[in-house]
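Please walk through this protein model with me, from its surface to its core. Keep the structure in view as you read.

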Amino acid sequence: MVRPAAGSRCTFLRDPERPPTIPFGIASFRIASYALWPFGRTTVERRDAGAGSLLGNVIWFIFAGWWLALGHIVTGIALCVTIIGIPLGIANFKLIPISLMPLGREIVPTDRPFATR
């Protein structure tokens with residue numbers, strides 16, 4: 001990997017020691033881990049997310065985000081009809097923001113939801 005010269009600013013990489021990754025794949029795994037166990041965790045926006053996250057979120061919203069959010073809305077309403085399904089329905093509603101725009105978000109425990117803000 002090419003290292004930036006001493007004193008120069010490397011703006012295209014957040015960490016020059018870490019190679020660039022596939023952002024949509026990481027976002028998919030972030031959604032999957034949050035969907036597996038959403039209880040006791042929440043999502044917060046990362047302040048260091050830049051224009052790449054915005055562009056990626058627009059692409060994600062067009063191709064996948066609104067379908068995922070619509071699915072979470074429909075299944076959340078269906079689960080809230082039954083008494084037993086209410087906690088799972090609420091968990092489905094918690095998944096809507098991260099399924100709409102997952103890039104530039106971080107999952108944190110609810111005992112410190114403002115830790116990254």
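The protein exposes about 8,200 Å². Carbon and sulfur atoms supply 70% of that area. The model is predicted, and 26% of its 117 residues count as buried.

How confident is the predictor? The protein averages a pLDDT of 77. A score of at least 70 is reached by 77% of the residues. Among the elements, helix H3 (residues 86–94) has the highest mean pLDDT, 89. Strand S2 (residues 105–109) has the lowest, 78. Where pLDDT is low, the predicted coordinates should not be read in detail.

Now the fold. The protein has 4 helices and 2 strands. Along the sequence they follow the pattern α-β-α-α-α-β. Take the contacts between residues at least 6 apart in sequence: 69% of them join residues at least 24 apart.

Turn to the interior. Which residues make up the largest nonpolar core? It has 6 residues: Ile31, Tyr34, Trp60, Leu95, Ile98 and Ile107. Two of these, Trp60 and Leu95, are worth following outward.

Start with Trp60, which lies in helix H2. Is Trp60 buried or exposed? Its relative accessible area is 9%. The cut-off for buried is under 20%, so Trp60 counts as buried. Leave aside its neighbours within four places in sequence, and Trp60 is in contact with Phe24, Ser28 and Ile31. Gly65 and Leu68 also touch Trp60. So do Ser99, Leu100 and Pro102.

Ser99 deserves a second look. Trp60 and Ser99 are 39 residues apart along the chain. Their C-alpha atoms are separated by 9.0 Å. Where does the side chain of Trp60 meet the backbone of Ser99? A polar atom of the Trp60 side chain lies 2.9 Å from the backbone oxygen of Ser99.

Ser99 also leads to another residue of helix H2. His72 lies in that helix, which spans residues 51–80. Ser99 is among the contacts of His72, once neighbours within four places in sequence are set aside. The others are Asn92, Phe93, Leu95 and Ile96. With a relative accessible area of 14%, His72 is under the 20% cut-off, so this residue is buried.

Leu95 gives the view from the other side. Not counting residues up to four places away in sequence, Leu95 touches Tyr34, Ala35 and His72. Tyr34 is itself a member of the largest nonpolar core.

Next, helix H3. Ile90 has its place there. At 47% relative accessibility, Ile90 falls between the 20% and 50% cut-offs, so it counts as partly exposed. Ile90 and Ile77 are 13 residues apart in sequence. In space they are 8.9 Å apart, C-alpha to C-alpha.

Finish with the aromatic rings. How many aromatic pairs does the structure hold? It holds 1. Trp66 and Trp67 form this pair, and it is tilted. The ring centres are 4.5 Å apart, with 35° between the planes. Why is the pair called tilted? The angle is neither under 30 degrees, which would count as stacked, nor over 60, which would count as edge-to-face.

How covered are the two partners? Trp66 is partly exposed, with a relative accessible area of 39%. Trp67 has 54%. That value is over the 50% cut-off, so Trp67 counts as exposed. Trp60, by contrast, is buried at 9%.

Methods. Residues are numbered from 1 along each chain as its sequence is written. This is a predicted model: local features need pLDDT of at least 70, side-chain atom pairs count only at pLDDT 80 or more; totals for chains, interfaces and linings use all residues. Side-chain values use heavy atoms; hydrogens and water are left out. Buried means under 20% relative accessible area, exposed over 50%, partly exposed in between (1.4 Å probe, protein chains only). Contact means heavy atoms within 4.5 Å. Accessible areas come from the Shrake-Rupley method with a 1.4 Å probe; for residues, only the protein chains shown count as cover. Rings of Phe, Tyr and Trp (its six-membered ring) pair if their centres lie within 6.5 Å; planes under 30 degrees apart count as stacked, over 60 as edge-to-face and the rest as tilted. A nonpolar core is a set of buried Ala, Val, Leu, Ile, Met, Phe, Trp, Tyr and Cys residues joined through side-chain atoms within 4.5 Å. pLDDT is the predictor's confidence in each residue, from 0 to 100. A polar contact is a pair of N or O atoms within 3.5 Å; within protein, one must be able to donate a hydrogen and the other to accept it, and residues adjacent in sequence count only if both atoms are side-chain atoms.
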